[in-house]
Amino acid sequence: MSVTVRVPAKVNVQLAVGAARPDGFHDLANVFLAVGLYDEVTATPSPGGLRVTCSGPDADQVPLDRTNLAARAAEALAARYGRTPDVHLHIAKDIPVAGGMAGGSADGAAALLACDALWQTGASRPELLEICAELGSDVPFSMVGGAALGTGRGEMLTELEVGGTFHWVFALADGGLSTPAVFREFDRLTEGTDVSEPVASPELLTALAKGDAHALAATLVNDLQPAALSLRPSLADTLAAGTAAGALAALVSGSGPTTAFLCESAAAAEKVAKTLSASGTCRSVRVTAGPVPGATIV
Ligand code: C5P
């Protein structure tokens, strides 16, 4: 017997970052949108103990030890229910690795849901979300999906209404960027300045609620973008190429280095993807849309 969970990637349509807190994290106003790039995590009983395997184009970049959030999710759930995490977790990976699209967090949420179903723990939804928050700031959103405002370090979620489908192109870059390194660069770049309290933009929330791509394009913002560009200056060329190709707006996805391009329609997205792909400024491109549901048993 095994359980498979499908889980989406995310893009941050607003990522407002406050000053570093005493615990090293940053308070955020983080507007997440789940988009249709997916990982699948399959949990199968493993009498030999916890084991993680991974397949997909970038599988060699995924750690298979206890640092993998999927493994940590299984261990956290097992510890809470006084059992051993005797499970084989297989990750079929399609979300870019260390790409700023919450791929690792997605696998954590998916593994948690899969193990919960496999072990029939009877855990409540709030309990599962509490474990997600312990695993990482973006993990609760991977579980919930759709669109949500994350406050605190991003883990305290308010679900948001979305009045339509938004069409996106994502440009994948060579290699990843470390999220802690990008936050450290944010601290360095903002040192000595007054970093304001992060607040969600009312105009952006209205644009989401109306499903208005033009209004959303005018309000997209990522406070980590200067830090990601500072660490990876070539991303500026990718952003410029996508805008020149007709995207309504371009931004770095989360901590990068994936870049995101909001388009007017599915057809416009296909066109932008084609031009971006030929531009030589990225490794590959993906066309997709959101919002989509969070982690789901398939
Ligand atoms: O929560 P998560 O483990 O995903 O965070 C990874 C790293 O990103 C943290 O260790 C921290 O360096 C940085 N981070 C932060 N502020 C947040 C979320 C993450 O500084 N709100």
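**View 1. Pro 291 sits in the loop between E11 and strand E12 (296-297).** This is a predicted model, and so are all the close-ups that follow. The peptide bond between Gly 290 and Pro 291 is cis, with omega at about 10°. Just before this loop comes strand E11 (284-290), which stands at an edge of its sheet.

**View 2. Here's the open sheet, built from four strands in the order E9-E10-E7-E11.** The strands pair in the antiparallel sense, and from one strand to the next the twist averages 25°. Which strands stand at the edges? They are E9 (249-252) and E11 (284-290). Each of the two has a single partner strand, so one side of each is left without a neighbour in the sheet. For anyone who wants the background, strands of a sheet pair through backbone hydrogen bonds, either parallel or antiparallel.

**View 3. Zooming in on the sheet, strand E7 (residues 166-172) pairs with strand E10 (residues 259-263).** Five bridges hold the pairing, which is antiparallel. If you want a spot to start from, find Phe 170: its bridge partner in E10 is Ala 260. Two helices also belong in this picture. Helix H10 (residues 266-279) packs on the sheet, where it touches E7, E10 and E11. The direction of H10 makes about 15° with that of E7. Helix H9 (residues 235-244) lies across E7, E9 and E10, and its run is at about 10° to E10.

**View 4. The hairpin of E9 and E10 has six residues between its strands.** E9 and E10 run antiparallel and are joined by four bridges; one pair to look for is Val 252 with its bridge partner in E10, Thr 259. Within the hairpin, Gly 254 takes a positive phi near 55°. A little further along you'll come to Pro 257, in the loop between E9 and E10. What kind of peptide bond joins Gly 256 and Pro 257? It is a cis bond, with omega at about 5°.

**View 5. Thr 288 has its place in strand E11.** Is Thr 288 buried or exposed? Its relative accessibility is 11%, so Thr 288 counts as buried, the cut-off being under 20%. A polar atom of the Thr 288 side chain lies 3.1 Å from the backbone nitrogen of Gly 36. Leaving aside residues up to four places away in sequence, Thr 288 touches Val 35, Gly 36 and Leu 37, along with Phe 166, His 167, Trp 168 and Phe 170. You met Phe 170 above as the bridge partner of Ala 260 in E10.

**View 6. His 26 lies in strand E2 (residues 26-45).** With a relative accessible area of 5%, His 26 is buried. Which side chain makes a polar contact with the side chain of His 26? That of Asp 187 does, at 2.6 Å. Not counting residues up to four places away in sequence, the contacts of His 26 include Val 17, Gly 18, Ala 19, Ala 20 and Arg 21, and also Arg 153, Phe 183 and Phe 186. Gly 152 is on that list too; it is 126 residues from His 26 in sequence, yet the two C-alpha atoms are 7.9 Å apart in space.

**View 7. Helix H1 (residues 69-80) packs with helix H2 (residues 103-119) at an angle of about 35°.** The axes of H1 and H2 are 7 Å apart, and H1 passes H2 in a right-handed crossing. On the H1 side, the contact is made by Leu 69, Ala 70, Ala 73, Ala 74, Leu 77 and Ala 78. Among the H2 residues that meet them are Gly 104, Gly 108, Ala 111, Leu 112, Cys 115 and Trp 119. Sorted by type, the residues of the contact of H1 with H2 come to 10 nonpolar, three polar and two charged.

**View 8. Ala 98 and Gln 120 each have a positive phi without being glycine.** Ala 98 has its place in the loop between strand E4 (87-92) and H2, with phi near 50°. Its relative accessibility is 44%, so Ala 98 counts as partly exposed. Gln 120 is in the loop between H2 and helix H3 (125-135), and its phi is near 45°. At 66% relative accessibility, Gln 120 counts as exposed.

How values were computed
Residues are numbered from 1 along each chain as its sequence is written. This is a predicted model: local features need pLDDT of at least 70, side-chain atom pairs count only at pLDDT 80 or more; totals for chains, interfaces and linings use all residues. Side-chain values use heavy atoms; hydrogens and water are left out. Axes are lines fitted to C-alpha atoms, for helices over the stretch in contact, and angles run from 0 to 180 degrees between N-to-C directions. A crossing is left-handed if the near helix is turned anticlockwise from the far one by less than a right angle, and right-handed if clockwise. Contact means heavy atoms within 4.5 Å. Ala, Val, Leu, Ile, Met, Phe, Trp, Tyr, Cys and Pro count as nonpolar, Asp, Glu, Lys and Arg as charged, and the others, Gly among them, as polar. Two strands pair if DSSP finds at least two bridges between them. Buried means under 20% relative accessible area, exposed over 50%, partly exposed in between (1.4 Å probe, protein chains only). A polar contact is a pair of N or O atoms within 3.5 Å; within protein, one must be able to donate a hydrogen and the other to accept it, and residues adjacent in sequence count only if both atoms are side-chain atoms.
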